[in-house]
Each structure stands twice: as C-alpha cells, then as structure tokens.
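Reader: I would like a close look at one part of this chain, residue by residue, with some context from the whole. Please keep it plain.

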Amino acid sequence: MAKAKAKPKAASSSHAGMGAGFNESVNRYFNKAANHMSHPAGILEQIRACNTVLEVKFPARINGEIQVISAWRAEHSHHKLPCKGGIRYSEDADVEEVIALASLMTYKCAVVNVPFGGGKGAIKINPKKVSVEELERITRRYTVELIHKNCIGASVDVPAPDYGSGQREMAWIADTYQSYRPDDINALGCVTGKPVSQGGVRGRTEATGRGVYFGVREAVNDTALMKKLGMTMGLGDKRIIVQGFGNVGYHAAKFLQEGGATIVGIIEWDGAVYNKDGIDVAALDAHRKATGSITNFAAAKTVKNGNSVLEYPCDILVPAALESQINEGNADKIKAKLIAEGANGPITAAAEEILIKRGILAIPDMYINAGGVVVSYFEWLKNLSHVRFGRMDKRFEENTNTSLIAAVERITGHALTPSERELIGRGADEEDLVNSGLEDTMIGSYHEIMETWRTHKKVHDMRTAGFITAIDKIATSYSSLGIFP
Ligand code: NAD
C-alpha cells in the first residue's frame, strides 16, 4: 500500500461559506457513528480530518473582461493513494463544500472497497454562463494549477466529473496533463470519466444511475427491510420521484423504470412534471432536448414550484441534484418511505433525525451513488493496464462456449435455438464486464452495511451503519500501515 508523499501545497483558507452546513452535517454523521466504535480518539480524528486543501485563484478572460476565478482541490485522506473525486463546476461552490464532498469520497471508497483516498475539486463558475472556449481555457488553467501543486496524476490524485462537468471537461484535463507530462506512460489515468475515444471506459457515464438502480433493487428485495418499513417486496409496484434530471437523476430514473418501477415525478431547477400513472423517461428526455426544459411535457402535469413535488405521494424518493434539499423545512412533509441519495448530501443531519423518527429510511449517498467511483476505478485500471477489458479473452470465451454448446447438443440430441446460442455463446465485452463488476460491488456492499447494522443493535439507520463500515476499514488500513498499534 502506498504511503502519502510530502507535497508542496498551499494551506486551506478557513472561511465559512455556504458549504459549512453541509460539512457540519457530514461531521455530525461521522461523530454519531464514532460513538458506536472503540477506536482511539486520535485515530478517529485523523480519519475525520481533511489532510490537504489547495485553494487557487487565477485570471480568466470572460466576455472580454478579466475575472478572478476561485478553485479548490481537497484531498481528504491519504490512507490510500491516489485520492479520487469529481470536480464540481458551480457558482455556489466553496471550500467547506469541497471538504465535505472530499470526506464523503473517503467513506464512499471504503464502503465499496475501492482502494483510493477521498478527494474533490471545484471551480467557482456557472458553466452555462461562459462560452465553450472560455470553459476550456478555465479547465485547462485549473489543470495546470493542479499539475504545479502535484495534485493530479494516476498515482496521486485522479479527478472525475461531478455536478456541472462531464466527459468533455475530463478530455480537456487529460489532454492538458499529457502535454505537460509526455513521459508519464500512465498519463491517461490522471482523470476518469473521459470519452471512450480518449481512454474512457464503456459504462462510466451511466454508472452512478445504474448503481442507484442496483442498490434500490437490493433494498426492495430485502425481506427484513421491507417488513420494517411496511413496504411490499420488489420494484413492480413502486412509485418513484426523482429530483434532478442530469447524469445521475436521468440514468437512475431510466434504469428504475426499466426495472419495473413507475416514475411519477421528476423535478428540475425550473419546475417539475408529475403524472401518477407514470412518466416515460426517454420521452421526457427527448422533450427536454427539443425545448431546453422538462416543463410543459404534454404527458404530465407541470408544477411550477418544482421542489414542492418532493412532498408528493410516492414510495421512493431519489434526490439526485444538490445537497441539503431535504431539510428541517420539508422533512416532516416527505411521503416516501425510502430515500435513495443519488446526490451527495441531499439530506441535512437535522432532517435525518426527523426522518428516522418518522420511520423513513435513507439509503446513504456514500453507498447508493458510489457507482461512479466504482466504474472510475475500472477506468483507471484500464488506463494503467493499457488494454480494453475483454480484449484478451472475449474471443477465447466465445470459442469455448461454442464447443460446449456443440457438446451439449451432441449428448442431448437437442439443438438450441439461435437466440439461446447467441445468449450462451457470446463472450463478455468491456461493457458487460464493467456492468457486472458494478452490480457485484453494489450487491456486496449493501450486504456488508446491513451486516454492520445487524451487529450494532443500538444503530437506528443505514447511514450510521455505512459510516461504521467505512471507518472500520480505514482504521484497519491505518493500523496495518503501522501508524497506530
Ligand atoms: P448534473 O449536472 O449532470 O445534473 C444535475 C441536475 O440537477 C441538472 O439537470 C440540474 O439542472 C439539476 N438541478 C440543479 N438545481 C436543481 C434544483 N434546485 N432542483 C432540481 N434540479 C436541479 O450533475 P450529476 O453528475 O447528475 O450530479 C448530481 C449530484 O450527484 C451531485 O450531488 C453530485 O455530487 C452527485 N454525484 C454525481 C456522480 C456522477 O458520476 N456524476 C457520482 C456520485 C454523486
């Protein structure tokens, strides 16, 4: 296991901003879990503390005028390297929010057994208010700042997309890094979430939403949990409301619908759409692409005050937009029995107490939206191995399966149909392997958290069980590093 190297980095500014409440919530969650654990106070404090924060300011010409852009990169934990976490493009970003998000990444990686420390970055801009050329210049300049401070690279810190950023920005980052480090054979592993043509992995774009689906599916098929919540088994009769129709929200809605659930509401920043009989997710996406908004979709009612739909009747709520959306102001009005946190930190700590008292269960962000980092891990592995998953064995597997089918047909005297042959005979390609690895991780981690919950009788919620699971793994890692006895 790699140890953290000393790096020349600027100190964090400690000003409190809008993210302060979010950071406080994460710390409250951590402390609540720590109360159930017997690790030394010092090691718990080391796990909780953010190891490094880089804050940079640089000039950018926007609309012909020079503006000073603020940006951050937080490396919350170096217990495993590289650090991993997305870059948020948002006018509301601040250092506290970046630290909170970086710390969640540490716990998230631990919960889903991804061998990384947590990191997060942010650039304080609204990407919709600048031109593509300006956005590219700002992204490349931010990357250069990270290179100069040794805050990016396949072995030190590997960013990914987050709110407001996507494949395009990741390609710019990879290209900038490669041009500064042409002698780094693993340069493409400096960032994940890249387009497939630039070293990305198939399945990454939809991974977080797909992971939300796998996690929710596991929960609704958990007999003990469904009994506890007074819910029926399976997805078939579940009505779901999703907040945020971006990467996570759109894909979560799509896969949940394909899995048999009914999506009754979708909320965006400019309004919501609601139909108790269900909304066709693909048709709504086409409408949004054509008109620029989900509102005024003919097959559903438009609700101007979008966030009021969080309080509409449904079985499962998937907040997949921003943090602190379920707070003391609306927690007592939520009708869902299960909340799957597609976004990071959508429920405040104070709201969670209200929800627990009301018997509503939150499937915590650190687990349910971990699909992105799981598949980012696969992308990083692909970049380090310099070969596409399945390239070496797909054809071999197919030839073996074909021989097996021929033997079975010969022995039984029964010929398979062409579709059976196709299904059994084909070898796994990259997307199959990525999706299968993601499914296995989401199932395995669900049961690890639930096992922790079962063995801690005084724990009343899944988030605390998730934190205990994560903290235990990180403490074990520090222990085996020899940092404490
Ligand atoms: P995105 O930018 O693709 O989508 C966010 C969507 O939310 C946009 O459509 C935006 O218009 C909408 N939105 C903004 N304000 C809103 C409001 N007030 N009400 C309703 N909708 C609003 O971002 P994303 O990648 O989908 O990320 C969403 C959340 O999921 C963030 O909290 C992010 O940290 C988290 N997350 C993302 C990933 C990933 O792989 N992209 C992984 C884990 C967690």
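The answer below starts with the chain as a whole and then turns to single residues.

Author: This is a predicted model. The chain holds 16 helices and twelve strands. Its radius of gyration is 23 Å, which agrees with the value near 23 Å for a compact globule of 485 residues. Along the principal axes, the C-alpha trace spans about 70 × 55 × 55 Å. Of the 485 residues, 56% count as buried. Among contacts with a separation of 6 or more, 69% are between residues 24 or more positions apart. The accessible surface is about 20,300 Å², and carbon and sulfur atoms account for 53% of that. The chain carries 57 positive and 56 negative charges, whose mean positions are 1 Å apart.

The part to look at closely is the loop between strand S10 (316-319) and strand S11 (338-340), where glutamine 325 is found. Glutamine 325 has a relative accessible area of 16%, so it counts as buried, the cut-off being under 20%. Its side chain makes two polar contacts that can be described here. One joins the side chain of glutamine 325 to the side chain of asparagine 307, at 3.2 Å. In the other, the side chain of glutamine 325 reaches the backbone oxygen of glutamate 323 at 3.1 Å. Glutamine 325 and asparagine 307 are 18 residues apart in sequence, and their C-alpha atoms are 8.4 Å apart in space. Leaving out residues up to four places away in sequence, glutamine 325 touches Gln243, Asn307, Leu310, Asn330 and Pro346.

Serine 324 is found in that loop between S10 and S11 too. At a relative accessible area of 28%, serine 324 is partly exposed, whereas glutamine 325 is buried. The phi of serine 324 is near 60°, a positive value in a residue other than glycine. Most residues other than glycine have a negative phi.

Asparagine 63 has a positive phi as well, near 55°. This residue is found in the loop between strand S1 (52-62) and S2. Asparagine 63 is exposed, because its relative accessible area is 67% and the cut-off is over 50%.

The strand after that loop, S2 (residues 65-75), contains serine 70. Serine 70 is buried, with a relative accessible area of 12%. The side chains of serine 70 and lysine 57 are joined by a polar contact of 2.8 Å. Beyond its neighbours within four places in sequence, serine 70 is in contact with Val56, Lys57, Ala122, Ile123 and Lys124.

The loop between S2 and strand S3 (83-89) holds proline 82. The peptide bond leading from leucine 81 to proline 82 is cis, with omega near 5°. Most peptide bonds are trans.

Last comes threonine 106, placed in helix H3 (residues 95-111). With a relative accessibility of 1%, threonine 106 counts as buried. Its side chain reaches the backbone nitrogen of glycine 118 at 3.0 Å. Not counting residues up to four places away in sequence, threonine 106 touches His76, Ser77, His79, Gly117, Gly118 and Ile474.

To return to the loop between S10 and S11: serine 324 there has the positive phi, and glutamine 325 has the side-chain contacts to asparagine 307 and to the backbone oxygen of glutamate 323.

Note on methods
Residues numbered from 1 in each chain as written. Predicted model: local features only at pLDDT ≥ 70, side-chain atom pairs only at ≥ 80, totals over all residues. Heavy atoms only, no water. Helix = DSSP H or I, 4+ residues; strand = E, 2+ residues; numbered from the N terminus. Rg over C-alpha atoms; globule rule 2.2 N^0.38 Å. Buried < 20%, exposed > 50% of the residue type's maximum accessible area, 1.4 Å probe, protein only. Contact = heavy atoms within 4.5 Å. Areas by Shrake-Rupley, 256 points an atom, 1.4 Å probe, with all protein chains shown as cover. Lys, Arg positive; Asp, Glu negative; His and termini not counted. Charge placed at Lys NZ, Arg CZ, Asp CG, Glu CD. Polar contact = N/O pair within 3.5 Å; in protein donor to acceptor, adjacent residues only side chain to side chain.
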